[in-house]
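Work through the exercises below with the sequence and the structure beside you, and try each task before you read its solution.

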Amino acid sequence: MTGIFISMEGPDGSGKTTQIELLKKYLNDKGYEIIITREPGGTVISEAVREIILNKEYTNMGYMTEALLYASARAQLVSEVIKPALEAGKAVISDRFVDSSAVYQGMARGLGVDTVYEINKFAIQKIMPDVTIHLDLPAKVGIGRKKEQAELDRMELETIEFHEQVAEGYRKLAALNPDRIYTIDATLPIDIIHNKIKNKIEELIG
């Protein structure tokens, strides 16, 4: 069985976690061994970097520092988890991947998409998702959901203007990569979103 790599992207509060769990069950039923991971995080070292990135006390963190920290966490995740899993024929589902950096740091922070991908060239080792599910949601709706769920972290505490740039950035990135990034309206009912994801994955695995 050939390994497959699926990333789930979207603004904060777009429902990625819920859809990842549903997708896990679907792929399990298809006979895949599933590896679920998240960014930043997914390994002991990457989770330690996550604590630094999302610490709401670090409000003076530079944008390039932020981008490099994300790339560092990603490099460890790819080497330790994603690459070995794909080589073993497993299905990897990642809650965010390099597209998040392209949007958050490249677009919303203004570093430039090309700059972010260049930084991450070494981190991802030429590994990109076979398909990226983009859950499209208005920024105000997403942050409203997050506030109801838990205390917000440093990134989630950014201005609504920042989060609106993120939401729009994902739309722009999806338009630039239509063959890989599949956009779904995240305001739809959970089961309808899941069915759309299943249909897309069916195209991938046959």
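Helices, meaning DSSP runs of H or I with at least four residues, and strands, meaning runs of E with at least two, are numbered from the N terminus. The model used in these exercises is predicted.

**Exercise 1. The largest pocket**

Task: Find which helix gives the largest share of the lining of the largest pocket, and describe the residues of that lining.

Solution. Begin with the pocket itself, which has a volume of about 830 Å³. Of the 37 residues that line this pocket, those closest to its centre are Asp12, Lys16, Asp95, Lys146 and Glu156. Next, look at the elements that take part: helix H1 (16–29), strand E2 (34–38), helix H2 (44–54), helix H4 (98–108), H6 and helix H8 (190–205) each supply at least two residues of the lining. The largest share comes from H1, which gives six residues. Finally, sort the lining by residue type, and you arrive at eleven nonpolar, twelve polar and 14 charged residues.

**Exercise 2. Charged pairs**

Task: Determine which parts of the chain are tied together by the salt bridges of Arg96 with Asp12, of Asp95 with Lys16 and of Lys146 with Glu156.

Solution. Side chains of opposite charge can pair when their charged atoms come close. For a salt bridge, a side-chain nitrogen of Lys or Arg has to lie within 4 Å of a carboxyl oxygen of Asp or Glu, and the structure holds 18 such bridges.

Step one concerns Arg96 and Asp12, whose side chains meet in a salt bridge with an N to O distance of 3.3 Å. Because Arg96 lies in the loop between strand E3 (91–95) and H4, while Asp12 lies in the loop between strand E1 (4–9) and H1, the pair ties together parts that are 84 residues apart in sequence. Arg96 and Asp12 are both buried.

Step two turns to Asp95 and Lys16, which meet through their side chains in a salt bridge of 3.7 Å, again from N to O. Asp95 belongs to strand E3 and Lys16 to helix H1, so this pair joins parts that are 79 residues apart in sequence. Asp95 and Lys16 are both buried.

Step three takes Lys146 and Glu156, whose closest N and O atoms are 3.3 Å apart in their salt bridge. Since Lys146 lies in helix H6 and Glu156 in the loop between H6 and H7, the parts tied together are ten residues apart in sequence.

As a last step, note that salt bridges can also be linked to one another here, as in the network formed by Glu66, Arg109, Arg154 and Glu158.

**Exercise 3. The surroundings of Glu156**

Task: Is Glu156 buried or exposed, and which residues does Glu156 touch?

Solution. First place the residue: Glu156 sits in the loop between helix H6 (139–149) and helix H7 (160–176). A residue is called buried when its relative accessible area is under 20%, and because the value for Glu156 is 8%, Glu156 counts as buried. Then list its contacts, leaving out residues up to four places away in sequence, and you find Asp12, Ile143, Lys146, Glu151 and His163.

**Exercise 4. Strands E1 and E3**

Task: Work out how E1 pairs with E3 and with E4, and which residues cover the two faces of E1.

Solution. Start with the pairing, where E1 and E3 run in the parallel sense over five bridges. Along this pairing, Ser7 stands opposite Ser94, and Met8 stands opposite Asp95. E1 also pairs with E4 in the parallel sense, over four bridges, and here Glu9 stands opposite His134. E3 is joined in turn to E2 by five bridges, the two strands running parallel, and Ile34 has Ala91 as its bridge partner.

Now consider burial. Six of the six residues of E1 are buried, so E1 is largely enclosed by the rest of the structure. Ile4, Ile6 and Met8 lie on one side of E1 and Phe5, Ser7 and Glu9 on the other, and both faces are covered. E3 is likewise mostly covered, with five of its five residues buried: Ala91, Ile93 and Asp95 are on one side, and Val92 and Ser94 are on the other.

**Exercise 5. The largest cavity**

Task: Identify which helix gives the most to the lining of the largest cavity.

Solution. The largest cavity has a volume of about 30 Å³. Its lining consists of Glu9, Asp99, Thr132, His134, Tyr170, Leu173, Ala174 and Ile181. Strand E4 (131–136) and H7 each supply at least two of these residues, and H7 gives the most, with three. By type, the lining divides into four nonpolar, two polar and two charged residues.

Notes
Residues are numbered from 1 along each chain as its sequence is written. This is a predicted model: local features need pLDDT of at least 70, side-chain atom pairs count only at pLDDT 80 or more; totals for chains, interfaces and linings use all residues. Side-chain values use heavy atoms; hydrogens and water are left out. Buried means under 20% relative accessible area, exposed over 50%, partly exposed in between (1.4 Å probe, protein chains only). Contact means heavy atoms within 4.5 Å. On a 1 Å grid over the protein atoms alone, a cavity is a set of points where a 1.4 Å probe fits but cannot get out, and a pocket is an open set with protein on both sides within 12 Å along at least five of seven lines; lining residues have an atom within 4 Å of a point. Grid points are joined across faces, edges and corners, and a volume is the space filled by probe spheres set on the points. Ala, Val, Leu, Ile, Met, Phe, Trp, Tyr, Cys and Pro count as nonpolar, Asp, Glu, Lys and Arg as charged, and the others, Gly among them, as polar. Two strands pair if DSSP finds at least two bridges between them.
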